[in-house]
Amino acid sequence: MKPRLFISSSAEALRKAEFVKSELESVVDCVIWTEGVFKLNTSALDTLLLESVVSDYSVFLATPDDFMESRGEAFTIPRDNIIFEFALFLGAKGKRKTFLLAHKDVKLPSDMQGIVVGIYDQEVTGHDSLRAKCEEIKKSIQNSAGFGELGWLPSTALAIGYFQSFVRSVCEVMHAGAKVHHENSPINTNDFKLHILLPKVLSDDFANSPMIYAKRHGLVKGVIEHPTGITGKRGYGLHMKIDPSESDIAHLYDIPMTLNTISETIRLFLGVTYVGKDDNWKHLEARELNNFSTVLGTLIAQNDCSKHNVVIEEFE
């Protein structure tokens with residue numbers, strides 16, 4: 001899934017917006033403000049507030065479209081809505097994901113003095129060309145693609161909580177000598193592999209996914225009992241499978257049911273009153289699932305107990 005990038009400009013600068021789109025669309029899905037963003041019977045502010053959450057990145061073109069006289073001097077300035085929208089998205093997405101491309105002749109608000117902005121000139125090539133500034137944005141997007149971060153929706157917090165309360169704990173007790181039990185009998189194995197199963201899409205009956213997946217793949221229910229001497233802690237229930245070709249390895253499977261929270265949060269945020277998922281829902285869901293996987297994968301790779309024994313897999 002490519003990230004989504006919103007491009008805003010004045011009507012007079014639409015050709016520049018289209019140029020920016022052509023330069024960036026190899027790494028992001030670009031949506032220009034004229035491309036169906038503002039829908040019938042909705043307010044501009046509500047649309048912008050929604051777009052500031054749905055979009056992963058945004059670019060605003062500050063072009064010399066208006067004139068202003070201040071303290072006896074005349075200046076060319078961008079449309080005021082461009083500065084307003086830039087500030088709105090900056091507050092929603094942060095400075096790593098919100099970019100301002102300003103023509104060298106425009107006067108920007110004094111609050112932006114000392115901030116490095118993408119100032120471009122009219123040249124087609126060169127260090128200060130619009131193409132060069134787009135390349136800087138492209139590199140910034142590529143550099144940030146592998147990072148999970150807190151946002152309006154909860155996938156980062158869910159991944160941290162799931163890792164700390166389940167994945168890490170299971171790995172710690174298994175390395176400490178815990179046994180996996182099936183039908184009250186211990187399974188004698190020397191090693192384990194924990195398979196974290198993540199759905200490509202969150203279905204309406206996601207709660208039944210563990211049962212359905214286990215039936216399709218021949219898994220049985222198991223319980224990890226704490227090693228002798230550790231008391232006061234409950235065991236961990238999950239599905240398991242012993243592969244005859246590697247009978248000394250217990251393959252453990254879990255589907256993070258905490259992912260249900262993503263669907264409920266999206267429903268609340270979008271104020272959904274209809275059946276089905278629109279494009280905004282689908283994009284937010286895919287982004288949150290991807291972010292959950294990214295954060296969880298990073299935590300697994302950084303932990304000695306889990307990095308050699310845990311894998312993340314997708315299922316339909």
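**Reading Lys179 and helix 6**

Colleague: In which strand is the place of Lys179?

Modeller: Lys179 lies in strand 8, which covers residues 179-182. Keep in mind that this is a predicted model.

Colleague: Is Lys179 buried, partly exposed or exposed?

Modeller: Partly exposed is the class between under 20% and over 50% relative accessible area. Lys179 has 33% relative accessibility, so it counts as partly exposed.

Colleague: Which residues does Lys179 touch, leaving out those up to four places away in sequence?

Modeller: Contact means heavy atoms within 4.5 Å. Lys179 touches Pro186, Ile187, Asn188 and Thr189, and also Val223, Ile224 and Glu225. Glu225 is 46 residues from Lys179 along the chain, yet their C-alpha atoms are separated by 5.8 Å.

Colleague: Now a helix. Which residues of helix 6 are buried?

Modeller: Helix 6 spans residues 209-217, and its buried residues are Ser209, Tyr213 and Ala214. Viewed down the axis of helix 6, these buried residues fall within an arc of 125°, so they line one face.

Colleague: What does the face turned away from the buried side of helix 6 carry?

Modeller: That face carries Met211 and Lys215, both exposed. After helix 6 comes Gly218, with a positive phi near 65°.

Colleague: Over which residues does pLDDT stay under 50?

Modeller: Where pLDDT is low, the predicted coordinates should not be read in detail. Here pLDDT stays under 50 over residues 229-233, and the model has one contact beyond four places in sequence for them. The protein chain averages a pLDDT of 87, with 92% of the residues scoring at least 70.

How values were computed:
Residues numbered from 1 in each chain as written. Predicted model: local features only at pLDDT ≥ 70, side-chain atom pairs only at ≥ 80, totals over all residues. Heavy atoms only, no water. Buried < 20%, exposed > 50% of the residue type's maximum accessible area, 1.4 Å probe, protein only. Helix = DSSP H or I, 4+ residues; strand = E, 2+ residues; numbered from the N terminus. Arc of directions from axis to C-beta. pLDDT = per-residue confidence, 0-100.
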